[in-house]
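Trainee: I have a model open and would like to go through it with you. Can we start with the charged pairs and work outward?

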Amino acid sequence: MPELPEVETVRIGLDNLIRGKKIASVTKDTAKSFPNTESDVSRFLIGASIVSIKRRAKLLIIGLSSNYSLVIHLKMTGQLVYKSHDQHFGAGHPSPSLVGQLPDKSTRVVFGFSDGSTLFLMISVNLAGSAYCCPAKLSI
């Protein structure tokens with residue numbers, strides 16, 4: 001399981017690469033990997049821009065312009081890989097997914113951005129409204 005410093009390294013890396021990007025698409029391997037209704041995805045995710053990448057303990061919280069967040073926990077072997085035409089960033093549990101051709105057999109969720117770049121997740125992710133994410137106002 002990644003320790004806190006590794007999760008913070010992931011946060012910093014993603015913050016430098018995906019803040020301000022607009023989400024154009026999302027694909028998933030199974031409903032369990034991205035357990036959100038199609039209507040919620042259309043309404044709160046597609047077309048939303050990434051406004052923040054924060055960390056609360058070992059959770060990564062990607063804030064969206066729709067006032068929703070993507071909540072990610074790397075668990076034991078999770079990885080995140082960002083690829084664009086000129087940049088590549090991978091973090092999490094070392095595996096061939098970090099350097100190989102993607103998507104691969106361990107890819108669970110793929111976010112496509114409007115500029116053509118992609119974020120591959122080898123873990124499950126939830127889309128959550130701020131009230132669902134934390135009973136009190138989430139301020140990090």
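**Salt bridges and the rest**

Mentor: Start with R19 and D15, whose side chains form a salt bridge at 2.6 Å, N to O. Keep in mind that this is a predicted model.

Trainee: Are those two buried or exposed?

Mentor: They fall in separate classes: R19 is partly exposed at 45% relative accessible area, while D15 is buried at 18%.

Trainee: How many salt bridges does the structure hold?

Mentor: Six. One of them joins D115 and K21, at 2.4 Å from N to O.

Trainee: Where do D115 and K21 sit in the chain?

Mentor: D115 is in the loop between β7 and β8 (118-121), and K21 is in the loop between α1 (4-18) and β1. The pair links distant parts of the chain, 94 residues apart. D115 has a relative accessible area of 46%, so it is partly exposed. K21 is at 15%, which means it counts as buried.

Trainee: And D29, what does its side chain meet?

Mentor: The side chain of R108, in a salt bridge of 3.1 Å, N to O. D29 lies in the loop between β1 and α2, and R108 in the loop between β6 (88-92) and β7, so this pair ties together parts 79 residues apart in sequence. D29 is partly exposed at 38% relative accessibility, and R108 is partly exposed at 29%.

Trainee: Which residues make up a salt-bridge network?

Mentor: E8, R11 and R55, joined into one network by salt bridges that share partners.

Trainee: Changing topic. How many aromatic pairs are there?

Mentor: Two. In one of them, F34 and F111 have ring centres 5.9 Å apart and planes at 80 degrees; planes over 60 degrees apart count as edge-to-face, so that is what this pair is.

Trainee: Where are F34 and F111 located?

Mentor: F34 is in the loop between β1 (23-28) and α2 (38-45), and F111 is in strand β7 (residues 109-113). They are 77 residues apart, so the pair is another link between distant parts of the chain. Both F34 and F111 are buried.

Trainee: What about F44 and Y68, how is that pair arranged?

Mentor: F44 and Y68 are stacked, with 3.8 Å from centre to centre and 15 degrees between the planes. F44 belongs to helix α2 and Y68 to strand β4 (residues 68-73), 24 residues apart. F44 is buried at 11% relative accessible area, whereas Y68 is partly exposed at 22%.

Trainee: Back to α1. How does its span compare with what is expected?

Mentor: It agrees: the 15 residues of α1 should span 21 Å at 1.5 Å a residue, and the end C-alpha atoms are 21 Å apart.

Trainee: Which residues of α1 are buried?

Mentor: V7, V10, R11, G13, L14, D15, L17 and I18. You have met two of these already: D15 is in the salt bridge with R19, and R11 is in the network with E8 and R55.

Trainee: Why look at residues three or four places apart in a helix?

Mentor: An α-helix has 3.6 residues a turn, so residues at that spacing point the same way.

Trainee: What follows α1?

Mentor: G20, which has a positive phi, near 90 degrees.

Trainee: Which residues have a positive phi although they are not glycine?

Mentor: A57, at about 55 degrees, and N67, at about 70 degrees, are among them. Most residues other than glycine have a negative phi. A57 lies in the loop between β2 (50-56) and β3 (59-64), and N67 in the loop between β3 and β4. A57 is exposed, with a relative accessible area of 52%, and N67 is exposed at 62%.

Trainee: Now the overall picture. What does the secondary structure come to?

Mentor: Three helices and nine strands. Along the sequence the pattern is α-β-α-β-β-β-β-β-β-β-β-α. Buried residues make up 42% of the 140 residues.

Trainee: What is the average pLDDT?

Mentor: The average is 82, and 83% of the residues score at least 70. Over residues 130-140 the pLDDT is below 50, although this stretch has eleven contacts in the model beyond near neighbours in sequence. Where pLDDT is low, the predicted coordinates should not be read in detail.

Key
Residues are numbered from 1 along each chain as its sequence is written. Side-chain values use heavy atoms; hydrogens and water are left out. Rings of Phe, Tyr and Trp (its six-membered ring) pair if their centres lie within 6.5 Å; planes under 30 degrees apart count as stacked, over 60 as edge-to-face and the rest as tilted. Helices (H or I, at least four residues) and strands (E, at least two) are DSSP runs, numbered from the N terminus. Buried means under 20% relative accessible area, exposed over 50%, partly exposed in between (1.4 Å probe, protein chains only). A salt bridge is a side-chain nitrogen of Lys or Arg within 4 Å of a carboxyl oxygen of Asp or Glu. The expected span of a helix is 1.5 Å times one less than its number of residues. pLDDT is the predictor's confidence in each residue, from 0 to 100. Contact means heavy atoms within 4.5 Å.
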